[in-house]
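Biologist: I have this model open on my screen and would like to look closely at one part of it with you. Please pick a helix, start from a single side chain, and then work outwards to the other parts.

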Amino acid sequence: MIRVVVCGAAGRMGRLIVRQIAGQKDLKLAAAVDAPGHPMIGKDAGLVAGVQKLGVAIVESTKLNEVLKKSKPDVLVDFTVAEASVQNVKAASRAGVSVVVGTTGFTEQQRKELERAIKRGQIRAVVSPNFSVGVNVFFKIARAAAGILGRDYEPSIVEVHHMYKKDAPSGTALKVAEIVAEELGLNKEEIKIKSIREGEVVGDHTLMFLNPFEVLEITHRAKSREAFAVGAVKAIRYVVKKGKPGMISDMQDVLGLR
Ligand code: NAD
């Protein structure tokens, strides 16, 4: 049985992760955490997620150290905000608990802090801005297309998300830019990204390669956030069985796409 702590358990993604965990025979919700003062603190995480009562109350993140000691989880899953995520991963590192991080919007400094914490505690980690299987195949196709087309075509990215999303450009768009830039020998900043925030869009990404005569477009549309939650469950199993101490794996590793 893999015991999981969910950080951000009352959030849009956290609720879906709790729901997924409740439906898996080999996973158990060991604890659920959210921000101090959140109206769902003290409520049962299963009921908040819209499944059966799981007997796990959502507790404040200020108590995370105690929670990790008491509930003895194998994995901490984090879908919160960048600043909180760094603190949560540091706590997991001190407790020797593996992490699956879905949070996006890290500054370079925060990403370094994350890497240092994972190394220091020699914990296993999967960090990915996008857990959807389709998007990770998109990454692979993007790399191949950029490699074949080379610099004769100008790459450009458009991403559309719901208006509540806190970071822009999306972590996924930045990852696509990084992949394309790597293949073309450019800096990530040289790849144009247009971010649109409107309505309830779960997440659309289009990568275009343009020249004066033609355009090649690769598009992924997430229809439901469940796509990310299902991928996060794969990452939980991977990090426990195949994660390497002190190293960060991503969804390309989890899905065997490398
Ligand atoms: P959300 O705002 O609905 O949920 C975030 C939750 O985290 C909230 O309930 C908030 O109260 C809580 N939180 C804040 N500080 C906390 C702390 N210190 N400890 C514990 N909980 C804390 O947001 P969301 O849509 O669920 O997205 C969360 C993050 O996941 C964002 O960064 C988003 O971009 C990212 N995301 C990643 C993927 C992926 O596949 N990797 C998919 C969707 C969203």
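Modeller: Gladly, and let's begin with Glu-115, which is partly exposed, with a relative accessible area of 37%. Please keep in mind that this is a predicted model. The side chain of Glu-115 meets that of Arg-111 in a salt bridge, at 3.1 Å from N to O. That value passes the test for a salt bridge, because a side-chain nitrogen of Lys or Arg has to lie within 4 Å of a carboxyl oxygen of Asp or Glu. Arg-111 and Glu-115 are four residues apart in helix H5, so about one helical turn separates them. Arg-111 is partly exposed as well, with a relative accessible area of 31%.

Helix H5 has another feature to look at. H5 covers residues 108–120 and gives the most to a positive surface patch, with three residues. The patch is formed by Arg-94, Lys-112, Arg-116 and Arg-120. Arg-111 has its salt bridge to Glu-115, and patches are made of residues with no salt bridge, so Arg-111 is not counted among the patch members. Arg-94 sits in helix H4, residues 82–95. Arg-94 counts as exposed because its relative accessibility is 60% and the cut-off for exposed is over 50%.

Next, follow the chain out of H5. Gln-122 lies in the loop between H5 and E6. Although Gln-122 is not a glycine, its phi is positive, at about 50 degrees. Gln-122 is partly exposed, with a relative accessible area of 46%. Lys-72 is another non-glycine residue with a positive phi, near 45 degrees. Lys-72 is found in the loop between helix H3 (64–71) and E4, and it is exposed, with a relative accessible area of 60%.

The surroundings of E4 and E6 bring us to the aromatic rings. The structure holds one aromatic pair. Its partners are Phe-79 and Phe-131, in a tilted arrangement with 5.8 Å centre to centre and 50 degrees between the planes. The pair links distant parts of the chain, 52 residues apart: Phe-79 is in the loop between strand E4 (75–78) and H4, and Phe-131 is in the loop between strand E6 (125–127) and helix H6 (133–149). Phe-79 and Phe-131 are both buried.

Helix H6 itself has something to show on the surface. Val-133, Val-137 and Ile-141 make a nonpolar surface patch of about 200 Å². Ile-141 lies in helix H6 and is partly exposed, with a relative accessible area of 41%.

Now back to charges. Side chains of opposite charge can pair when their charged atoms come close. The count for this structure comes to 13 salt bridges, and the Arg-111 pair with Glu-115 in H5 was one example. For a contrast in setting, turn to Glu-159, which forms a salt bridge with Arg-197, with the closest N and O atoms 2.9 Å apart. Glu-159 lies in strand E7 (residues 154–161) and Arg-197 in strand E8 (residues 192–197), so this salt bridge ties together parts that are 38 residues apart in sequence. Glu-159 counts as buried, at 0% relative accessibility, whereas Arg-197 is partly exposed, with a relative accessible area of 26%.

Between E7 and H7 there is a backbone detail to check on your screen. A cis peptide bond joins Ala-168 and Pro-169, with omega at about -5 degrees. Pro-169 is placed in the loop between E7 and H7.

Helix H7 then gives another salt bridge within a helix. Glu-178 pairs with Lys-175, and the closest N and O atoms are 3.8 Å apart. Glu-178 and Lys-175 are three residues apart in helix H7 (residues 171–184), so about one helical turn lies between them. Glu-178 is partly exposed, with a relative accessible area of 31%, and Lys-175 counts as partly exposed at 21% relative accessibility. Elsewhere, Arg-143, Glu-182 and Glu-183 are joined into one network by salt bridges that share partners.

Technical notes: Residues are numbered from 1 along each chain as its sequence is written. This is a predicted model: local features need pLDDT of at least 70, side-chain atom pairs count only at pLDDT 80 or more; totals for chains, interfaces and linings use all residues. Side-chain values use heavy atoms; hydrogens and water are left out. Patches are made of residues with over 30% relative accessible area and no salt bridge: like charges are joined within 9 Å, nonpolar side chains (Val, Leu, Ile, Met, Phe, Trp, Tyr) within 5 Å. Accessible areas come from the Shrake-Rupley method with a 1.4 Å probe; for residues, only the protein chains shown count as cover. Lys and Arg count as positive and Asp and Glu as negative; His and the chain ends are not counted. The place of a charge is taken as NZ of Lys, CZ of Arg, CG of Asp or CD of Glu. Helices (H or I, at least four residues) and strands (E, at least two) are DSSP runs, numbered from the N terminus. Buried means under 20% relative accessible area, exposed over 50%, partly exposed in between (1.4 Å probe, protein chains only). Rings of Phe, Tyr and Trp (its six-membered ring) pair if their centres lie within 6.5 Å; planes under 30 degrees apart count as stacked, over 60 as edge-to-face and the rest as tilted.
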